[in-house]
Amino acid sequence: MNAPNNAVNVSDNLASLAPFPQNRPADRGLLRFLTCGSVDDGKSTLIGRLLHETKSILEDQLSALQKDSRRHGTTGEDLDLALLVDGLEAEREQGITIDVAYRFFATPRRSFIVADTPGHEQYTRNMATGASNSDLAILLVDARKGLLTQTRRHAVIASLLGIRHVVLAVNKIDLVGFDQAVFARIVADFQAFAAPLGFVDVTAIPLSARFGDNVAAPSPAMPWYDGPTLVEHLETVEVDADRSGAPFRMPVQWVNRPNLDFRGFSGTIASGRIGVGDEVVVASSGHGSRVARIVTFDGDLPEAAAGDAVTIVLADEIDAPRGEMLAPPKARPALSTRFMARLVWMAEDALKPGRSFLLKTGARTVPATVTRLASALDVDRYEDGAAEALPLNGIGLVEVQTSAQVAIDPYAENRVTGAFILIDRFTNGTVAAGMVTEPLGGPNVHLHGFDVDRAVRSAQKNQRPLVVWFTGLPGSGKSTIANLVERRLVAAGRHTMLLDGDSLRIGLNSDLGFDAASRAENIRRAGEVARLMMEAGLVVLCAFVSPFRADRDRLREAVGDGAFVEVFVDTPVDVCAERDPKGLYARAKAGGISDFTGIGQDYEAPQAAEITLRPGDGGAERLADMVLAAIEPRIAGDGQTSEDSAAL
Amino acid sequence: MSAPLQAVSPGVAQGVAPALEGLAPSGAAPRPALSPHLARLEAESIYIIREVAAEFGNPVMLYSIGKDSAVMLHLARKAFFPGPLPFPLLHVDTRWKFREMITFRDAIAARYGLELLTHVNPEGAARGIDPFTSGSALHTQVMKTEGLKQALEKWKFDGAFGGARRDEEKSRAKERIFSHRTAAHAWEPRNQRPELWSLFNTRIARGESMRVFPLSNWTELDVWQYILAEDIPVVPLYFARERPVVERDGALIMVDDGRMPLLPGETPQMRLVRFRTLGCYPLTGAVESSATSLQDIIAELMASRASERQGRVIDHDDQASMERKKREGYF
């Protein structure tokens, strides 16, 4: 470990302790970093200084700056470098940066993209945005003020978003008389705070953005500091190691099929390397093949690596539509519909569990629900605590349920395949940044690519499989009608199965109670069983109270819209209570059953059921006729598979 | 590196079409690998272009004929190779572009077999809007901004690529790569979606659209170095040669055709000039330069002390004028 008056290294990373090599190749590629700090720490001034020192400010921009400095500046007669980077009119007048702005500069050794992010508490989302694409963060600290709540918050967000390289820029060192002791104390404070944050290296530099000390040239005022200048450090820091070391992943972005002789899968390699002849599998189907060609406009490549945009041709004709992921058979991503994730919540209205969104990861967009808020992070204390909701800029640990399987990795292992966004289904806004912490639903579950699929099974039975879901109050007649429907289907030669709430609760669901969460799980399991039976080619009749609309909507998404028929048995509650075939209403009224739908718990009627049955329409036989009339045409095969029925 | 584009060297500048023939694909001779940072910019842009083609129902690439459009088109051809571009190009013509630009545009479209749509604002044309009598602001508003909106509505495009870069101007620096526009084509700087990782949210409501800028993270120098490395044809106006210009309000304006009214005392003079950006000729100032090759341009740029938009008359209208134009729907 270096002495505190030098570049400080929190870990024992030898690379950054080594002296700076003099013979670097001229082009070290591109470094993306973000700058963050509290209001008035001097971020904009520092970026302006970096642009100025690297000769990135041109004459006409400089003359505009002189004009602006006189009008809005805060530095008297001097150029106000901060005005160079504050872009929008309103914030120029407010004197603060309110959004993420990107700046560009280059030295002979490297090119840089800077994300300038704000210090205001309410703009955490912008900082997360800037951090998501950065490899390094410069945390600014005002030497007069030391570490602030905001500094800590920014360090935590940078860490959560996977940034492993940090520069602690102790700015305005001129205003504390270039005092080494002040610098050493801030560095020690930061080390104590940042120890659990997992940074690979932390380099502390005392500087003055306004006057340029230790920005591009060593400061004569600080002979006690013998570490690198900021520019020197940015030019040489090594950040690329992680991406190419991880297993191969490529989300399929585009299927390139210009003619019958060519079919390629286009995408950008998220991590690892791939070569011609390597084995790959399609993550969600499990189908495997070998890489036959790696095609680019500039000719075929023998191999390609993380960050390359390529088109892969496989040796076998297998399906991999947009949204699929290619991976090596022996190091596949998790395939899951349920996982834990860190969320940075970015919308005005707080997140409450149970809300449904669109989730985008890789090239895949699927409906998803945040089913549980496990905890919320107290950023200042770096502690997780219980929470009911996640407010704007809140960071929480949540459980996510997707309506279809997605291929994911933990974010700590892969910053591309472990990341997702949540999109509001009504406003289309991006409302959360998500980072997978842990896939749920059993480790190492991978679908095998079986040759006999739903289409084959249903063709054999000469019918299109269907899930017919009867919902309604207890005693409404669901099971009675479903039973009649099944008898007639079987008589007509159809292959069927009937599931009802009681039969599942005796066996598969015997561990579940009747509170809202158990009811949701009851329905989820019933839906999974129904889906599997539908995969077997059957017409599955399901009779469940299923009182919650969100649960039924999830089923519809899980089964697939085209194969799901919702039947609302709309018998009024007084009629049901009158019938009371199992004596349940009487017990509930007497207080013997809590959470009884229709008495203690609400029933949410469907808003767009395919079929609605009312007792006034006739007896059970007549109602069963109505169901049959509606579903028979959808079951009638004509040799078509259920995939086609989606178009109906 | 082989010699720069024969096609666009000044000696043959007027003959764009034959020059393009001289640009037969070099094919056999492999080019040196791109520098790491250009390779990364290229791959990131290709990703963006593929994402738009995959997620929008009716995308289009706005092709303004300049160097940025040339790079953007090249990247799109790479993105879908060996397939064709899955979207058309659209040029909004103001009727005041340099003649060489139009010749070049048509030659490129023919050469690569591209579907090229063009649109001129018919009301503007009927009213006789021009940059001289109507003024630069009105001309740009009617022929460019309104013309663009008309074209997007006419063909019902929901996603439109533009070649803008964040380094061009301060307000551009904060613009997203996927920039949402309301049904009225307005940009709302206060209501932008956060852009995390490369997970672009492409969802829009009916009537809304998205402007997409695949070159957001490129600088002017990157663009020229890439043109050099990839041998991309560009309009010969970028290279210095003797051209007839008049000096007006501090800018060197090229007299490109007989429609330009000369003021008392103005006589076109032949001067060795080139253009750093291309637009409507009366609104685009030339710079004095002797750069006749791509290497010369890059050397000039690296030593340059002025930004490329300096030659643009419209940007000087007033402070923060670009931001105002964008809110109104200017690209």
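1. At 0% relative accessibility, B:Phe98 counts as buried, and this residue is a convenient place to enter what is a predicted model. B:Tyr281 is buried as well, its relative accessible area also being 0%. Both residues belong to one aromatic cluster, whose members are B:Trp96, B:Phe98, B:Phe132, B:Phe275 and B:Tyr281.

2. Over all chains, a search of the whole structure returns 25 aromatic pairs. One of them joins A:Phe183 and A:Trp224, whose ring centres are 5.7 Å apart and whose planes meet at 45°, so the pair is classed as tilted. A:Phe183 belongs to helix 7 (residues 180–194) of chain A, while A:Trp224 sits in the loop between strand 6 (201–206) and helix 8 (230–236) of chain A, so the pair ties together parts that lie 41 residues apart in sequence. A:Phe183 and A:Trp224 are both buried.

3. In chain B, B:Phe98 and B:Tyr281 make a tilted aromatic pair, with 6.1 Å from centre to centre and 50° between the planes. B:Phe98 is placed in the loop between strand 2 (89–92) and helix 4 (99–112) of chain B, and B:Tyr281 in the loop between strand 9 (269–274) and strand 10 (285–288) of chain B, so this pair ties together parts 183 residues apart in sequence.

4. Two arginines deserve a look for their placement over aromatic rings. In chain A, A:Arg152 lies over the face of A:Phe193, at 5.5 Å from the ring centre. In chain B, the charged end of B:Arg77 sits over the ring of B:Tyr112, 3.6 Å from the centre of that ring.

5. Which residues touch the most other members of the largest nonpolar core? Among the 155 residues of this core, they are A:Phe33, A:Ile138, A:Leu168, A:Phe190 and B:Trp197. Helix 2 (residues 36–55) of chain B supplies the largest share of the core, namely 9 residues. As general background, nonpolar side chains tend to be buried together in soluble globular proteins.

6. B:Trp197 merits inspection for its contacts with chain A: leaving aside neighbours within four places in sequence, B:Trp197 is in contact with A:Ser132, A:Asn133, A:Leu161, A:Tyr411, A:Arg415, A:Ala419, A:Phe420, A:Ile421, A:Ala433, A:Gly434 and A:Met435.

7. A:Thr129 also has partners in both chains. This residue lies in helix 5 (residues 124–132) of chain A and, at 2% relative accessibility, counts as buried. When residues up to four places away in sequence are not counted, A:Thr129 touches A:Val100, A:Tyr102 and A:Met346, together with B:Pro194, B:Glu195 and B:Leu196.

8. The burial of A:Thr129 can be set beside that of its helix, since 9 of the 9 residues of helix 5 of chain A are buried, so the helix is largely enclosed by the rest of the structure. Within chain A, the buried residues of helix 5 pack against strand 1 (30–37), strand 2 (101–106), strand 3 (111–116), helix 6 (149–160) and strand 16 (334–345).

9. Helix 3 (residues 67–80) of chain B offers another enclosed element: 13 of its 14 residues are buried, so helix 3 is largely enclosed by the rest of the structure. From its first C-alpha to its last, this helix reaches 21 Å, close to the 20 Å expected at 1.5 Å a residue.

10. For chain B taken as a whole, the model has 9 helices and 10 strands, and 61% of the 331 residues count as buried. Of the contacts in chain B with a separation of 6 or more, 74% are between residues 24 or more positions apart.

11. A:Gly513 is partly exposed, with a relative accessible area of 27%, and its place is in the loop between helix 12 (501–506) and helix 13 (516–535) of chain A. Leaving aside neighbours within four places in sequence, A:Gly513 is in contact with A:Arg505, A:Ser518 and A:Arg519. From C-alpha to C-alpha, A:Gly513 and A:Pro196 are 40 Å apart in space, with their positions 317 residues apart in sequence.

12. Confidence should be kept in view when reading chain B, which averages a pLDDT of 85, with 81% of the residues scoring at least 70. Over residues 1–29 of chain B, pLDDT stays under 50, and the model has 43 contacts beyond four places in sequence for this stretch. Over residues 315–319 of chain B the pLDDT is likewise below 50, and the stretch has 14 contacts in the model beyond near neighbours in sequence. The model scores ipTM 0.86 and pTM 0.76.

Key: Residues numbered from 1 in each chain as written. Chains lettered and ligands numbered in written order. Predicted model: local features only at pLDDT ≥ 70, side-chain atom pairs only at ≥ 80, totals over all residues. Heavy atoms only, no water. Phe/Tyr/Trp six-rings, centres within 6.5 Å; stacked < 30°, edge-to-face > 60°. Helix = DSSP H or I, 4+ residues; strand = E, 2+ residues; numbered from the N terminus. Buried < 20%, exposed > 50% of the residue type's maximum accessible area, 1.4 Å probe, protein only. Lys NZ or Arg CZ within 6 Å of the ring centre and 35° of its normal. Core = buried A, V, L, I, M, F, W, Y, C linked by side-chain atoms within 4.5 Å. Contact = heavy atoms within 4.5 Å. Expected span 1.5 Å × (residues − 1). pLDDT = per-residue confidence, 0-100.
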